[in-house]
Amino acid sequence: MGLPQNPNIFANNPLDRASYRRTDKAWIAEQMAAPASLFVPFFRLQPFVLPEEKPSQGKDIGWLRMGLLNELAGPDPLTVFLGINRRGKALFAADVSGLKDPENHPALKGLGAFEELRGLAMAGEIPPAELASMAQAKSMIDWHNRHGFCSVCGMRSEMADAGYKRTCPSCKAEHFPRTDPVVIMLATHGDTCFLGRQKIWPKGMHSALAGFIEPGESIEEAVARELHEEAGITVSSVTYHSTQPWPYPSSLMIGCHAQAETDAFKIDGVELSGGRWFTREEVAAQLAGKGDGSFWLPPPFAIAHQLVKAFIEK
Ligand SMILES: [Zn+2]
């Protein structure tokens, strides 16, 4: 669709989401019955993955023929329409968490395994385009699992629009899948950037600061507030870098650079247990694998890594 390439894992979903098709029940039913359509089973929010066929070729998402779904999960598993791929095939994700031992089910036995998405992303074992559509699928299934009841009147709600809506049969309220915006920002001051750490993080790990955007708050306000609350940093300007869909369970990480007024800071001791200004040379050496070992940064699949990288390259 001619969008600029986003540097973040879980972004750049190649599917045509074909949202206008979701309300067309006949079309969706036709696609679910079509031999060419494919689905990926999810078990406890983990996609089905095929092992590498040859060494270093990488793994692949376990797309299966739609006909197998009934055999695998019975007549009515939670099934969400993901979109149409470049070959014109309709793709779905189905939640088979009701199964006791799906990897040993006759329909799947010996074919592959259910694997955690984050591990696959970190290991770089799955093509990035597939990771993006798996993030979409995981967040959608998770949303249905968490929103089985109407938040207005408490009645059990029903899935509609091929998964993109839940409706309440009692009070008629409509509920839509949510995305929670999170700001993640690298404060900079001259040739330095600010990295903090939380007590629970692995030893030495430092990263950009982050926090949920609150109701009634702009991106810029959330960036300034979080930096001030957690690190006592006062911000003079905020610039947008990129976003990363983050399917835990369904956030959108909004990556920003924030210019600090001064290099004064004060760690709050609650959200952050440490942090300081790092020079461009220090972080560049660390990213190049030539650091002194006193700290380390999140790997490339994290948007924080991309924010630091952009700061170095500026
Ligand atoms: Zn209701």
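Donors are N, O and S atoms within 2.8 Å of the metal, and it is in this sense that the word is used for the zinc site in the legends below.

**Figure 1. The whole chain of this predicted model, shown for orientation.** The chain holds seven helices and 16 strands, and its C-alpha trace spans about 60 × 55 × 40 Å along the principal axes. Of the 314 residues in the chain, 46% are buried, while the accessible surface comes to about 16,000 Å², with 53% of that area belonging to carbon and sulfur atoms. When contacts between residues at least 6 apart in sequence are considered, 64% of them join residues at least 24 apart. There are 31 positive and 36 negative side chains, and the centres of these two sets lie 4 Å apart.

**Figure 2. The zinc ion and its four cysteine donors.** The SG atoms of C150, C153, C168 and C171 coordinate the zinc ion at 2.3 to 2.4 Å, and along the chain these donors follow the spacing C-x2-C-x14-C-x2-C. C153, in the loop between α4 (128-146) and β8 (158-160), and C168, in the loop between β9 (165-167) and β10 (174-175), form a pair that links distant parts of the chain, 15 residues apart. The arrangement is tetrahedral because the four donor atoms subtend angles of 100 to 116° around the zinc ion. C153 is partly exposed, with a relative accessible area of 37%, whereas C168 is buried, with a value of 2%.

**Figure 3. S157 in the loop between α4 and β8.** With a relative accessibility of 4%, S157 counts as buried. Apart from its neighbours within four places in sequence, S157 is in contact with H147, G148, F149, C150, R166, T167 and P169; among these residues is C150, which also coordinates the zinc ion through its SG atom. S157 and I28, by contrast, are 129 residues apart in sequence and 20 Å apart in space, taken from C-alpha to C-alpha.

**Figure 4. Q136 in helix α4, with its contacts from elsewhere in the sequence.** Q136 is buried, its relative accessible area being 7%. If neighbours within four places in sequence are left aside, the residues in contact with Q136 are N13, L15, R17, F81, L82 and Y164.

**Figure 5. D161 in the loop between β8 and β9.** D161 counts as partly exposed, at 23% relative accessibility, and, leaving aside its neighbours within four places in sequence, it is in contact with R22 and T23. From C-alpha to C-alpha, D161 and L131 are 24 Å apart in space, with their positions 30 residues apart in sequence given as the separation.

**Figure 6. Backbone details at P249, F10 and R44.** The peptide bond running from Y248 to P249 is cis, with omega near -10°, and P249 lies in the loop between β14 (235-246) and β15 (251-260). F10, in the segment before α1 (25-33), has a phi near 80°, a positive value in a residue other than glycine. R44, in the loop between β1 (38-43) and β2 (46-50), likewise has a positive phi, near 45°, and is a residue other than glycine. As for their surroundings, F10 is buried, with a relative accessible area of 3%, whereas R44 is exposed, with a relative accessible area of 59%.

How values were computed: Residues numbered from 1 in each chain as written. Predicted model: local features only at pLDDT ≥ 70, side-chain atom pairs only at ≥ 80, totals over all residues. Heavy atoms only, no water. Helix = DSSP H or I, 4+ residues; strand = E, 2+ residues; numbered from the N terminus. Buried < 20%, exposed > 50% of the residue type's maximum accessible area, 1.4 Å probe, protein only. Contact = heavy atoms within 4.5 Å. Areas by Shrake-Rupley, 256 points an atom, 1.4 Å probe, with all protein chains shown as cover. Lys, Arg positive; Asp, Glu negative; His and termini not counted. Charge placed at Lys NZ, Arg CZ, Asp CG, Glu CD. Donors = N, O, S within 2.8 Å, 3.2 Å for Na, K, Ca; no water. Tetrahedral: all angles 85-135°; square planar, octahedral: opposite > 155°, others 65-115°.
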